[in-house]
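Subject: Structure for you to look at

Dear colleague,

Here is the structure I said I would pass on. Please open it first; my notes come after it.

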Protein chains: 2
Amino acid sequence: MSDQNPRLVIVGAGFGGLRIARALRHASLRITLVDRHNYHLFQPLLYQVATAGISPEEIAYPVRAILRTQRNLQFKMAEVEKVDFSARIVSTSSGDLPYDYLLLAMGGETNFFGLSSVAQNSIGMKTLDDAVNVRNHILRMFETAVHEPDPVVRRSMLTFVIVGGGPSGVECAGALSELTRLVLVKDYPTLSIKDVRILLLEALDKVLPPFPETLREVAEKTLWNKHIEIRFGAEVADYDEQCVYLKGGEVIPAYSLIWTAGVTAVSLTRRLGLPLGRQGRIIVAPTLQVPARPEVFAIGDVAYLEDGQGLPLPMVATVALQQADTAAKNILHLLKNKPLENFIYDDPGSLATIGRSSAVARIGHFEITGFIAWFMWSVVHVYQLIGFRNRLMVLINWAWEYFLFERAVRLITPDPEKTKVVPPV
Amino acid sequence: MSDQNPRLVIVGAGFGGLRIARALRHASLRITLVDRHNYHLFQPLLYQVATAGISPEEIAYPVRAILRTQRNLQFKMAEVEKVDFSARIVSTSSGDLPYDYLLLAMGGETNFFGLSSVAQNSIGMKTLDDAVNVRNHILRMFETAVHEPDPVVRRSMLTFVIVGGGPSGVECAGALSELTRLVLVKDYPTLSIKDVRILLLEALDKVLPPFPETLREVAEKTLWNKHIEIRFGAEVADYDEQCVYLKGGEVIPAYSLIWTAGVTAVSLTRRLGLPLGRQGRIIVAPTLQVPARPEVFAIGDVAYLEDGQGLPLPMVATVALQQADTAAKNILHLLKNKPLENFIYDDPGSLATIGRSSAVARIGHFEITGFIAWFMWSVVHVYQLIGFRNRLMVLINWAWEYFLFERAVRLITPDPEKTKVVPPV
């Protein structure tokens, strides 16, 4: 690549960052992609790592392996500390990166809504560390409970509270129910399955808010069939590792709280000095440019843009992927002094799985449930995984699980350090 | 199982502990198997985890899944703290276990020979955490070196010193050479492969001491062909994370020291108050009983027994497996008041691999090298892995690696806590 070419720095190797890097592979740019990890994480399957279905290595793929053939790009594993928008310099934990164009695609993190006891004592579901922590914790609870003589304590150890009725919470609850009722029941024959409780707490009165009414009811019924106790209108006030305290006074004794109730843009956005919308997302123009900084773009979970109805675009992979395409085009237009395009979101629909042979899907105005939706979900997710080997490995694990009612990866490994959480302001 | 049956406590779910648990599955015993992990670890492939070839989950298998169908056994995940041999009680981190018979099979750990700076700053190769730490460290060195302007520092970052010319050290050196020369060279096109140095330090004047002379020479030649610098008569005196100091004054600047130079019985053996042989191993009679404690047996790496020539039996899996069979018979004989058998080791030979299509094997008086030995090594190791799924996964990863010159698992994940080391007395 020519030393004369303009420099583009992309922050984040998630869905959006990787997509735009690939889209600009023939551009006359010197691209630097920065991420604090050396891998791309396929977040939609995190809940399967958390419930011992697949191993962490199967949903993470080395960034250098993906972008190795791209000659106009270099990768840097580093933490971004700050950005000097006037001098056009990104400061990282391993040196400064000057830029001509900047694309921010750092993604989201768990939102604990300022509940510091929950942030400290519960486990989120956004990072690979989170998922491994959840897996270790669940299995450790069973290993401890099996030798616990006090029935009250034992029941607390086997009570798993999942907060959040969105796709993450629903998928996690469904998978956890199957892990306990199909697999762990065989591993711990002396434990009574009736001591195991899985609760799904939702502050509103519906699960899966982005889905149509009929699909939400199907999902709800499926969850009940899996012995998951759903509580609507349940808001967590406090958690001390032994009891969950709800607003209204109810107390649920539980040694496990899995928090999927909220997402916010990564905390870095709050330190950039840019105008923010809800959830700490950077306000962008329809061209995805940051106002007053035409050379700076933001996409995906870190970008705040409203749809035609005045609602913020959802923090999902499809938005990030489509915005990456628009941002790529607009950067090329800037290079050629052509007018920029506005981003318009084309909603491809929604998919969520609730366990074996069970899922709900909305594609346009079509609603699909049951085995066919589950099969679609599986195909879509395996197809999106990066790398043939990872696809094959995940398929083998799924087949294993499906036909043998077995989970392969129920290992208790050393706990990764808990992801540090900066409560949103 | 009857509450009247005698209680057998097995400490350790390694090769020996698992084998005897299985061997006694029809015995009229109440067996408790204790291990600090909930998985059995297939140690012979640790070096492949360390060099990003396979994922940790592929060489670990949940103990409960292995022994689920065994009705006279329960598993307890706990750390053994002490044993009261008079009262016949094993004290663990989660309660006391009274026993009528006790089998000690806790295995070995890394021996740093009292070199505290090495114990603190180097990485061993005995646990799953060790292997993940080595993998993370190697990849992190490459990620750092690629942005390091100072050529002297960069060379230190890319110098990997492996201590110990036994099978672990040789296998690790070979695999690391292939990882760097076949895979990482593509990931880091701006780094010069000539900056990468791999040194194998051996205190004696030969690699692979258990092998015959001719095979050792083949191995040595193969290592040189893989650009591994072998140093004979090299003894490490000190290591400060930047330089390796050898006895005799030589200093090797290196940010990485991988220590495979010694094994000792786990430190617990030193706290039991039993007579110990070399390497902290518990002295046992030829019946594998601890002297003066006929109800206590020790096998494998924690047992000290000499062969016909007065040499201690090697700390290898085959000894542990064969001793497990003898100990199982002797426990049954004790139950029936029959005379006990003496253990005689039947050496099946040795196998070590040095990389792609390259290995050395001794079976009886036969010596085999090259592709055939490598193929034998592969078959033997895949066959010994527990669980069809793990075998399949490892085979896929190997095929991947073999045909595509690719390593699948080169992720930098959070470092597990370094295994605590109690220097042997």
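Below is what was found, starting with confidence and going on to the chain contact and the sheets.

Confidence

Please keep in mind that this is a predicted model. It scores ipTM 0.85 and pTM 0.89. In chain A the mean pLDDT is 91, with 97% of the residues at 70 or more. One stretch of chain A to treat with care is residues 419-425, where pLDDT stays under 50. The model has 16 contacts beyond four places in sequence for that stretch. Where pLDDT is low, predicted coordinates should not be read in detail.

How the two chains are related

A turn of 180° with a shift of 0.0 Å along the axis lays chain A on chain B, and the RMSD is then 0.0 Å. This is the relation of a two-fold axis. Both copies use the same surface, since 100% of the contact residues of chain A recur in chain B.

The contact between chains A and B

Chain A gives 36 residues to the contact, and chain B gives 36 residues as well. On the side of chain A that touches chain B, at least two residues come from each of these elements: β4 (60-62), α3 (63-67), β5 (73-77), α5 (128-145), α7 (167-187) and α11 (388-404). The largest share there belongs to α11(A), with 5 residues. By class, the residues on this side of chain A are 18 nonpolar, 7 polar and 11 charged.

The α11 pair deserves a closer look. Helix α11(A) packs against α11(B), residues 388-404 of chain B, at an angle of about 170°, and the axes are 11 Å apart. Angles over 145 degrees count as roughly antiparallel, so α11(A) is roughly antiparallel to α11(B). From α11(A), the residues making the contact are Arg389(A), Leu392(A), Met393(A), Ile396(A) and Trp400(A). From α11(B), they are Arg389(B), Leu392(B), Met393(B), Ile396(B) and Trp400(B). This helix-to-helix contact comprises 8 nonpolar residues, 2 charged ones and no polar ones.

A parallel sheet in chain A

Four strands of chain A make an open sheet with parallel pairing, in the order β13-β12-β11-β17. Its edges are β13 (228-232) and β17 (256-259), each of which pairs on one side only. Neighbouring strands are turned against each other by 20° on average, direction ignored. Within the sheet, β11 (residues 159-163) and β12 (residues 197-202) of chain A pair in the parallel sense over 5 bridges. Val161(A) is the residue opposite Leu199(A) of β12(A). Helix α8 (residues 213-225) of chain A packs on this sheet and touches β12 and β13 of chain A. The direction of α8 makes about 135° with that of β13(A).

A hairpin in chain A

Further along chain A, strands β24 (residues 358-363) and β25 (residues 366-369) pair in the antiparallel sense over 4 bridges. Ala361(A) faces Ile368(A) of β25(A) across the pair, standing opposite it. The hairpin has 2 residues between its strands, and Gly364(A) takes a positive phi near 60° in it.

An antiparallel sheet in chain B

In chain B, 3 strands form an open sheet in the order β6-β7-β8, and the pairing is antiparallel. The edge strands, β6 (80-84) and β8 (95-98) of chain B, each pair on one side only. The twist from one strand to the next averages 20°. β6(B) pairs with β7 (residues 89-92) of chain B in the antiparallel sense over 4 bridges. In that pair, Lys82(B) stands opposite Ser91(B) of β7(B).

Regards

Key:
Residues numbered from 1 in each chain as written. Chains lettered and ligands numbered in written order. Predicted model: local features only at pLDDT ≥ 70, side-chain atom pairs only at ≥ 80, totals over all residues. Pairing = 2+ DSSP bridges. Axes fitted to C-alpha atoms, helices over the stretch in contact; angles between N-to-C directions. Contact = placed C-beta atoms within 7 Å. Nonpolar A, V, L, I, M, F, W, Y, C, P; charged D, E, K, R; others polar. pLDDT = per-residue confidence, 0-100. Least-squares fit on C-alpha atoms with pLDDT ≥ 70 in both. Parallel < 35°, antiparallel > 145°, perpendicular 65-115°, else oblique.
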